[in-house]
Amino acid sequence: RDGADPARPASLLTIGRAVDKKGLDDLLHALALLPRELHWRLAHIGAGPLLAKLDALARSLGIADRVEWRGAQAHADVLAAYRAADVFVLASRVSDDGDRDGLPNVLLEAQSQRVACVSTRVSGIPELIVDGVTGVLVEPRSPAALAEALARLIADPSLRRALASAGMTRTTTQFSLHAGADHLAGRF
């Protein structure tokens with residue numbers, strides 16, 4: 001799926017509580033900037049206090065028909081969603097009160113399922129995602145840069161496959177339980 005066929009839109013996925021630090025409003029603004037001829041659908045998995053506000057924002061941006069709010073899901077359904085996705089996107093940012101993600105598990109999970117990831121340069125995310133190698137990173141609170149990254153990945157399935165494969169390799173070799181335990185054992 002490369003976004004060219006309206007019958008086969010690219011499948012975008014984001015997972016996380018609907019709270020400020022997840023940057024879901026930035027993601028919606030980015031999606032609204034994508035060219036109209038680029039066909040995509042976004043699924044959001046997670047609950048949270050901002051869901052109604054985000055749904056209203058999607059409506060006001062004219063993209064509500066492309067966004068599905070799935071709410072909280074069972075783990076098996078989450079895994080199935082990763083496997084069905086073309087791109088996983090997480091628009092993390094530092095909230096005004098200082099709240100932020102560390103190294104979001106959802107990025108590790110997405111990469112372990114061979115999904116190309118787009119995220120932001122916040123906290124520990126750049127430790128996991130090597131920009132242009134194992135995923136794509138943009139600055140937080142930058143819907144235009146996020147839109148550009150998403151458009152590029154939607155339109156280029158071979159790039160998605162390469163990033164997904166490299167991300168899976170990095171996650172399973174350098175961020176696995178065994179790799180962490182081996183690193184700690186070496187330090188002690």
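These are my notebook entries on the sheet of this predicted model and on strand 5 within it.

Before starting, I noted that residues are numbered from 1 along each chain as its sequence is written, and that side-chain values use heavy atoms, with hydrogens and water left out. Local features need pLDDT of at least 70 and side-chain atom pairs count only at pLDDT 80 or more, while totals for chains, interfaces and linings use all residues.

Entry on the sheet. I looked up the strand order and found six strands (DSSP E runs of at least two residues, numbered from the N terminus, as are helices, which are H or I runs of at least four) in an open, parallel sheet ordered 3-2-1-4-5-6, where pairing requires at least two DSSP bridges between two strands. Strand 3 (67-71) and strand 6 (136-138) are at the edges with a single partner strand each, so one side of each has no neighbour in the sheet.

Entry on strand 5. I followed residues 116-120 and found three bridges to strand 6, in the parallel sense, with V118 opposite V136 and T120 opposite V138. Strand 4 and strand 5 also pair in the parallel sense over three bridges, and V118 is the bridge partner of V89. From strand 4 the chain passes through helix 4 (residues 105-112) to strand 5 in a right-handed β-α-β crossover (clockwise from the first strand over the helix to the second, with the strands pointing away from the viewer).

Entry on burial. I checked the side chains of strand 5: A116, V118 and T120 point one way, C117 and S119 the other, and all are buried, meaning under 20% relative accessible area with a 1.4 Å probe, protein chains only.

Technical notes: Buried means under 20% relative accessible area, exposed over 50%, partly exposed in between (1.4 Å probe, protein chains only).
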